[in-house]
Every structure is written in structure tokens, then in C-alpha cells.
Amino acid sequence: MTPAASPLAALVRCVEDERCSASFPHALPAVLRVTTRTGEELEAGVEVNRGGPGKPLSDEELARKLHDAVRPLPEERAAELAARTLALADAQRVEDLAALLTSAGER
């Protein structure tokens, strides 16, 4: 967390929203409620999350997600992994795809 975010994080509370819980696990909705310094209450919600069946990621977004994974891959390897994943239905073997995720895939 950045030092600038720390004071803001102290003001955040996470609570269950019954509307969101009602559709979980079929959807991952979220509601954000903000009370401004003047006391105004603002609310925004997302009923259908990105990447789910209702709002699928594009091939480009999926490739970026693979690249930005917790353990980032080199650009070339991430691009190859994305291409092979998108062509998975036509794959003869999954071993080559799996190798890209392990040290065996390093060149």
C-alpha cells in the first residue's frame, strides 16, 4: 500500500450487502457507498462483474490479465501463453501449455 493510500484505507469498512449475497456465487456484484465530508451519501453498484459470463473479457484483456498475473511472465512467454490458451480447443496436448507456467517453459 502506498503511503498516500494509508489514511484513506483507515476510513474504509467492508460490510455484507444482502443484494450482493443473494446472487453469489453465480455473480460477484459489489456496492460502494461513500459518505463525503459534507455528509452526502453516494452509491454505485456493479451487478455483473467483468470477466464473468455476463461481461466476458476480450482476448486482449485476457492476455493482459495473464501478463499481469501475481508472478509476471516475460512479455514473449505471456503472449505465447495467451495465444495457446485462446487456441486450447484445437490443442493436441496441454503439456506445452503447462510448461509455459513452470520453469520448464523458460528458454
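This report describes the fold, salt bridges, main pocket and selected residues of a predicted model.

## Overall fold

The chain has five helices and two strands. Along the sequence they follow the pattern α-α-β-β-α-α-α. Of the 107 residues, 14% count as buried. Contacts can also be sorted by separation in sequence. Among those between residues at least 6 apart, 16% join residues at least 24 apart.

One peptide bond deserves a note. The bond from Phe24 to Pro25 is cis, and its omega is near 10°. Pro25 sits in the loop between H2 and S1.

## Asp17 and its partners

Asp17 lies in the loop between helix H1 (5-9) and helix H2 (18-23). Its relative accessible area is 11%, under the 20% cut-off, so Asp17 counts as buried. Leaving aside residues up to four places away in sequence, Asp17 touches Val31 and Arg33.

The side chain of Asp17 has several polar partners. With the side chain of Arg33 it makes a polar contact at 2.5 Å. It also reaches the backbone nitrogen of Arg19, at 3.0 Å. Asp17 and Arg19 form a salt bridge as well, with their closest N and O atoms 3.3 Å apart. The two ends of that bridge differ in exposure: Asp17 is buried at 11% relative accessibility, whereas Arg19 is exposed at 51%.

## Salt bridges

How many salt bridges are there? The count comes to six. Asp17, Arg19, Arg33 and Glu43 are linked in a network of them.

Arg50 forms a salt bridge with Glu61, and the closest N and O atoms are 2.5 Å apart. This pair links distant parts of the chain, eleven residues apart. Arg50 is in the loop between strand S2 (41-46) and H3, while Glu61 is in helix H3. Arg50 has 45% relative accessibility, so it counts as partly exposed. Glu61 is also partly exposed, with a relative accessible area of 34%.

The side chains of Arg84 and Glu80 meet in another salt bridge, 2.7 Å from N to O. Both residues belong to helix H4. They are four residues apart, so about one helical turn separates them. Arg84 is partly exposed, at 32% relative accessible area. Glu80 is buried, at 18%.

## Helix H4 and its cover

Helix H4 spans residues 75-86 and has twelve residues. From first C-alpha to last, H4 reaches 16 Å. That is close to the 16 Å expected at 1.5 Å a residue.

Which residues of H4 are buried? They are Arg77, Ala78, Glu80, Leu81 and Ala82. Glu80 therefore appears both in this buried set and, through its bridge to Arg84, among the charged pairs. What covers the buried residues of H4 includes helix H3 (59-67) and helix H5 (95-99).

## The loop after H4

Leu88 lies in the loop between H4 and H5. Its relative accessibility is 40%, so Leu88 counts as partly exposed. Leu88 touches Val94 and Leu97, when residues up to four places away in sequence are not counted. Leu97 falls within the range of H5, residues 95-99.

## The largest pocket

Rolling a probe the size of a water molecule over the atoms shows where empty space is left. The largest pocket holds about 850 Å³ of space. It is lined by 23 residues. Closest to its centre are Arg13, Val31, Leu32, Arg33 and Val34.

Which elements supply the lining? H2, strand S1 (30-35) and S2 each supply at least two residues. S1 gives the most, with six residues.

The pocket and the Asp17 contacts share residues. Val31 and Arg33 are among those closest to the pocket centre, and Asp17 touches both Val31 and Arg33. Arg33 also belongs to the salt-bridge network with Asp17, Arg19 and Glu43.

Note on methods
Residues are numbered from 1 along each chain as its sequence is written. This is a predicted model: local features need pLDDT of at least 70, side-chain atom pairs count only at pLDDT 80 or more; totals for chains, interfaces and linings use all residues. Side-chain values use heavy atoms; hydrogens and water are left out. The expected span of a helix is 1.5 Å times one less than its number of residues. Buried means under 20% relative accessible area, exposed over 50%, partly exposed in between (1.4 Å probe, protein chains only). Contact means heavy atoms within 4.5 Å. A polar contact is a pair of N or O atoms within 3.5 Å; within protein, one must be able to donate a hydrogen and the other to accept it, and residues adjacent in sequence count only if both atoms are side-chain atoms. A salt bridge is a side-chain nitrogen of Lys or Arg within 4 Å of a carboxyl oxygen of Asp or Glu. On a 1 Å grid over the protein atoms alone, a cavity is a set of points where a 1.4 Å probe fits but cannot get out, and a pocket is an open set with protein on both sides within 12 Å along at least five of seven lines; lining residues have an atom within 4 Å of a point. Grid points are joined across faces, edges and corners, and a volume is the space filled by probe spheres set on the points.
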